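The following note is offered as a colleague's reading of the model shown below. It takes up the contact between the chains and then turns to selected elements of one chain.

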Amino acid sequence: MMKRRKKSFSDFESLDKKKRRVKFDFILFFLVIVISSFGVLIIYSATRETLPGGVTDPQYYLKRQAIWLAAGIVICAAVQFINYRKIQRYWWLILFIGVFSLAAVFIFGYEVHGSKSWIDLKFFTIQPSEFSKIFMVISLAAVMSKWKGEKVYRVTFKKVAISSVIALVFILLVLLEPDYGTALVYFIVYIGLLFLSGANFLYLLSALGLTAGGFFIALKSGLIKQYQLDRILVFLKPEVSSEGAGYNLYQSKLAIGSGGFLGKGLFLGKQTNLNYIPEHHTDFIFSVIGEELGFLGAVMVLLVLVVIVWRCFYIVSNSSDSFAMLLSSGIGFIILSQVVINIGMTIGIMPIIGIPLPFLSSGGSSLVSLFLGIGLVENVYIWKEVRKDYEIAYQELK
Amino acid sequence: MGSNIKIRFKIILYLLVVILIVIILRLYFMQIMSGELYAEMASEGITREKTVAAPRGNIYDRNGKLIVKSVPVTAVAAEPHIVLENEDEMEALSDCLNMSYQDIKEKLEKSNVSYINRVILKQDIDTSVIIYLAENSNKFPGVEIIDVYLRGYNFDSLASHLLGYTVEIDEDRLRSKKYEEGYEGGDQIGITGLEEAYESILKGKKGRIVYEVNPLGMPVDILKETSPTRGNDLYLTIDIDLQRVVEEILYRSIEEVRQKKDKDTDECYRVPGGAVVVLDPKTGEVLAMVSYPTFNPELFVGGISQTDWDNLNDSESHGPLHNRAIMSFPPGSAFKIVTAYGGLAEDIVNEGRKVNCTGTWLGLGEDFPKYCWKSHGSLNIEGAIKESCNYFFYQVGYKLFMKLNNAEELLQKYARIFGFGSETGIDIPYEDKGLVGDKEWKKDYFKGQPGYSAWFPGDTVNMAIGQGDLQVTPLQMAQAFSILTNRGIEYSPYIVKDIRDTEGNLFPGSLGEEYKDLKLNEYFIEIIEDGLVQVVGPGGTAAGAFRNFPLDRIPVAGKTGTAEIEGRQDYGWFASYAPVDSPEYVVVVMLEEAGSGGSSAAPIAEKIYRYIFNID
């Protein structure tokens, strides 16, 4: 039975087109479009007065983000034409592209804020570490899906070790840029996938333990300087500090707090428009939302983001296809980790780590890669639904 | 899929819910519970405030002639604690303001950096410099261009002692309680005279600009702007034309007196100073008040130079900043009106009782002879006033002392009734209250010297002729004479008649026509007045000065005084009023080291009456 079904499934593409029914998670897609469009608007609000980077056109960032959004939708649509099974089959190619593009940064890249994470492609610049998150998820999902069928407790150390080597290659390359924030996201995504792969908790614990040990050694050996650690951990100091390392956080808290229940109104954020919030169109975009749209706006945005994450998991929570399940969940982990770290940073409950807020921070690489990810989630959903249709048709035929 | 995975999905779902709750709680705490606090902190962080100077009120004379006005001037101000730390900036400022680096540094350092946050570096700046500073404002942090109002004087140094002057407020004053509210570095404040007395009325209300700054401290938006309110205007009792004439007469006459020689020493009179007060006795209005030497308040506009300041304070200059009209001097015989009134009131003398002046009064015993300036022979009280007989008044003073063994200190009592020994309450600061010596005073003054601390009959005898422990201001003397003209009604002298606010509403000056009935005996005053009229007539001590004055048309009453001071030439006084039947003017003249009052001071009063009554 098992064999026959598998074989029949591979014939799927030859199935009569009329019998194909378009299945698509409209909730997910709708929310993603809504939140990204809102992102374009809030970026406009954040940049129209302050003109970061010395631009002269108040609509510069608005237009740019709109173009990236369009590009994201196109990519999201384009991905639908590839059956995710094919992606699974060529995972090693994707692994290679991911690793190569990260390595390319060291040859072609240039520095922004002290990390070499950008490549200039003449017409636009890209940040490979954003796209490689997706590539790592695909690679790991492919590797881990092979554990399928084995009892959870029987996943061997060797197999887990292989997956951790793949993750480690990605993480180390990002760390070398150095981009600690993004590396942290990679790490969380890996732990998340390991968790859902069904691996023994012992492996999870040892992965966490090893990381903690590595971090401790890095700190002791001077690889990570004490002042860097202080900057990251400034949020732990209860007293409000408006100078030095605490400045960004202080201004962010002032902006969000002063927003009150309803906010100061779109385009009317004083702290935003007078340029008090640093990086307010990228890493601190949530401060702008908090200031201009208040508690209500901030909670709405948070809810939409959480529902998006939840859809990524929910779609595959009953899936018997391990690769589909891990792929979609991996994208969920990417979004979730960034939402928690970014928002947590702006409200002072997480360390100061510069990573973008998904769908909302200004920046093409982040937005387009997220749409690629959402495209893959939809892909999984579509083809899984289609397969269900096929199975029904097959049953009927029989 | 195993159930194990399902559990793990459930764990993720719970995790999502926990994350959601934590973030929402945190947002709730920040935005709803502490929202107002954060909003306050945020607005504090981005708003700044600065003031806009208000024009100071004008000062007009009684006829509405503008004497002092406010002139707007552009100035460069600096925040010391910012600029002092930036040597390049100070160099650049030195170049463009054409001031030495050292000058700038001193100016900023002098005004205690911790306290004053704005110091004016230079006033009256060229437009080109203003434009340069404005265009390069990013190169000059802590430097701003502000409007300040300086004083402009339409009559040069006229009435300068009355008016006072304005200066930039300094550190000590900023710290004091008086300037606690509404003052900041760079403000102009009134010093002495009316400028000081009416500071709160003249200064106006500053404008305020509340504005937002970006994180670099650059202003970006004005939130609130209130425009400054001009200070109130003062309308004086002074007649500026009379003031000018009196000043001219005084200065010219002093030059003339300096040509004369003291017969005893064959030295020219030095006349280092003098004062004239012209009062309207019916109201207490001061019509003119002159002090010599004088100063030009123009010197203080925009900050006085060290050289000018040193000159003003040099002892050779004889204190031109002092208003001698309210400083006290020994009055000499001009004080005899008090002794005369006391004698009449205590029934020691009467209209007819005569005394034979032998030139030497021995009432204190053979060992203490007191001399009169002349052997007058027999005279009554009117004659004694007319010829200023010391012998007569020694006698009166002695009897006042002897009455009840000086238990009531009668001479002092009458001196105080006539206003001596206490301020007249005129509305300008630093008025001297003078001195009427008595037992208590002497005891205190000679504390620890038992031989000197008792009040002797000789002390009262000396005081009776205006010598000894007696100090009187020309203004007090003028007030005492107006008490005579009013038959015992005392008006406090004052200078500000009206105050007019920016909307044109008029308020009476602070003192306006308050009076006090001293309950004096009119008959006694008339006896004294008869004597005073004779002073300017033939044989009187001021006869020479009024020889050519039409006394029949404008009868004048007056009293000369010649005060002797150890080691100095005599101080000359002449206190008077006219016309006698209905007095309109009280004129008091005092000259330091100028010889007898009859020859030095009385001619000045005569010239003033000539001007006032339009006599050629």
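1. The contact between the chains draws 34 residues from chain A and 30 residues from chain B. The model is a predicted one. On the side of chain A that touches chain B, the elements giving two or more residues are helix H8 (180-197), helix H11 (247-259), helix H12 (270-273), helix H13 (285-314) and helix H14 (322-346) of chain A. H13(A) provides the largest share of that side, ten residues. Sorted by class, the side of chain A that touches chain B comprises 21 nonpolar, eleven polar and two charged residues.

2. Helix H16 (residues 410-417) of chain B merits separate inspection. Its buried residues are B:Leu410, B:Leu411, B:Gln412, B:Tyr414 and B:Ala415. Against what do the buried residues of H16(B) pack? Their partners, in chain B, are helix H13 (336-345), helix H15 (390-402), strand E19 (435-436) and helix H18 (457-464). Just after H16(B), the backbone at B:Gly419 adopts a positive phi of about 95°.

3. Chain B also contains an open sheet of three strands, ordered E1-E8-E9 and paired antiparallel. Strand E1 (47-52) and strand E9 (219-226) of chain B are the edge strands, each pairing on one side only. From one strand to the next, the twist averages 25°.

4. Within this sheet, the pairing of E8 with E9 can be described further. Strand E8 (residues 207-213) of chain B runs antiparallel to E9(B), and six bridges join the two. B:Val213 stands opposite B:Pro219, a residue of E9(B).

Terms used:
Residues numbered from 1 in each chain as written. Chains lettered and ligands numbered in written order. Predicted model: local features only at pLDDT ≥ 70, side-chain atom pairs only at ≥ 80, totals over all residues. Contact = placed C-beta atoms within 7 Å. Helix = DSSP H or I, 4+ residues; strand = E, 2+ residues; numbered from the N terminus. Nonpolar A, V, L, I, M, F, W, Y, C, P; charged D, E, K, R; others polar. Buried ≥ 20, exposed ≤ 12 C-beta atoms within 10 Å, placed from the backbone. Pairing = 2+ DSSP bridges. Axes fitted to C-alpha atoms, helices over the stretch in contact; angles between N-to-C directions.
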